[in-house]
Amino acid sequence: MGTTALRGLQSTSRSSNPCWPGWQSPSSALLTPGTLQTKRIFHTTQPSFAPVPPLPEYGGKVRLGVIPEEFFQFLYPKTGVTGPYVLGTELILYFLSKEIYVITPETLSGLAVLLLMVYGIKKYGAACADFIDKLNEQNIAQLEEVKQASIKQIKKAIDTEKAQQALVHKCHYIFYVQRNNIAMALEVTYWERLHSVYKEGKNSLDYHISVQNMLQRKEQEHMINWGEERVVQSISAQQEKETSAKCITDLKMLAKKAQAQTVV
């Protein structure tokens, strides 16, 4: 299995190495005589305006710190459990044997830095992750508050807009009430003016009646006074003396009757 993988890598490296005899550029297939491709359309479908799915909060499972678990699951049906590890080891040995990668002092420095990074991650990674998670939670809480405030404001604006739209739909009721109010006001004004005309007419008639009553009263008083004056003028001095004497006699007789009744 390992020899087959090495042969496949060698054939791949030969076909991809520009210094190898017989190598052909991939673009030469496109730039053939009489054919020139000036434009390539990579997106042939319509753009999608659907919401982008959120990024996962946590990364996928990895092995050896950097190799995804999906790589091992992909090779498991073909190579088994040890296949990916053997493939990785053979790749490293191939790069070193073919001097594709040459070990230099920088390699040792890189290994030292890598070991320090691994030690730092193992030693302080959990504490740093907790600290960063707290900061992230605080930021998320602040953003959530801003989001909820925006949602409340937008809901309030929506409710206000709905209320305004409801008022607009009920405007015909307002116009109907205003028309009725105007008609009632006109009717009230009509009856007020009619009452004022009636009152003025009644006052005029009362005035004429009062004038007639006053004239009749003055005429009666004048007739009475005139009759008294005529009667007084018709009485002579002799008649006054006789009348006075008759009155005195009557008074004396009444006094005697009153005394007699008192004694009895």
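**Pocket, fold and a few picked residues**

The largest pocket encloses about 250 Å³ of space. This is a predicted model, and that volume is best read together with the residues around it. Lining the largest pocket are Leu64, Gly65 and Val66, along with Leu114, Met117, Val118, Ile121 and Lys122. By class, the lining splits into 6 nonpolar residues, 1 polar and 1 charged. Gly counts as polar and Lys as charged, so Gly65 and Lys122 fill those two slots in the lining.

Zooming out, the protein chain carries 6 helices and 2 strands. Followed along the sequence, these elements come in the order α-β-β-α-α-α-α-α. Of the 264 residues in the protein chain, buried ones make up just 3%. The accessible surface of the protein chain adds up to about 24,500 Å², with carbon and sulfur atoms supplying 64% of that area. As for contacts in the protein chain with a separation of 6 or more, 30% of them link residues 24 or more positions apart.

Thr107 belongs to the buried group. This residue sits in helix H4, which spans residues 105–169. Its relative accessible area is 13%, and because the cut-off for buried is under 20%, Thr107 counts as buried. Leaving aside residues up to four places away in sequence, Thr107 touches Tyr101 and Val102.

Phe74 falls on the other side of the scale. It is part of helix H2, running over residues 69–79. With a relative accessible area of 55%, Phe74 is exposed, since that label applies over 50%. Pro84 lies 10 residues from Phe74 along the chain, and the C-alpha atoms of the two are separated by 9.5 Å.

That leaves the cysteines and the matter of disulfides. A disulfide is a covalent bond between the sulfur atoms of two cysteines. Taking a pair of cysteine sulfur atoms within 2.5 Å as the criterion, the count comes to 0 disulfides. Two cysteines can still be placed on the accessibility scale. Cys128 has a relative accessibility of 42%, and Cys247 likewise comes out at 42%. Partly exposed covers the range between the 20% and 50% cut-offs, so Cys128 gets that label, and so does Cys247.

How values were computed:
Residues numbered from 1 in each chain as written. Predicted model: local features only at pLDDT ≥ 70, side-chain atom pairs only at ≥ 80, totals over all residues. Heavy atoms only, no water. Buried < 20%, exposed > 50% of the residue type's maximum accessible area, 1.4 Å probe, protein only. Helix = DSSP H or I, 4+ residues; strand = E, 2+ residues; numbered from the N terminus. Contact = heavy atoms within 4.5 Å. 1 Å grid on protein atoms, 1.4 Å probe; cavity = no way out; pocket = protein on both sides within 12 Å on 5 of 7 lines; lining within 4 Å. Points joined across faces, edges and corners; volume = space filled by probe spheres on them. Areas by Shrake-Rupley, 256 points an atom, 1.4 Å probe, with all protein chains shown as cover.
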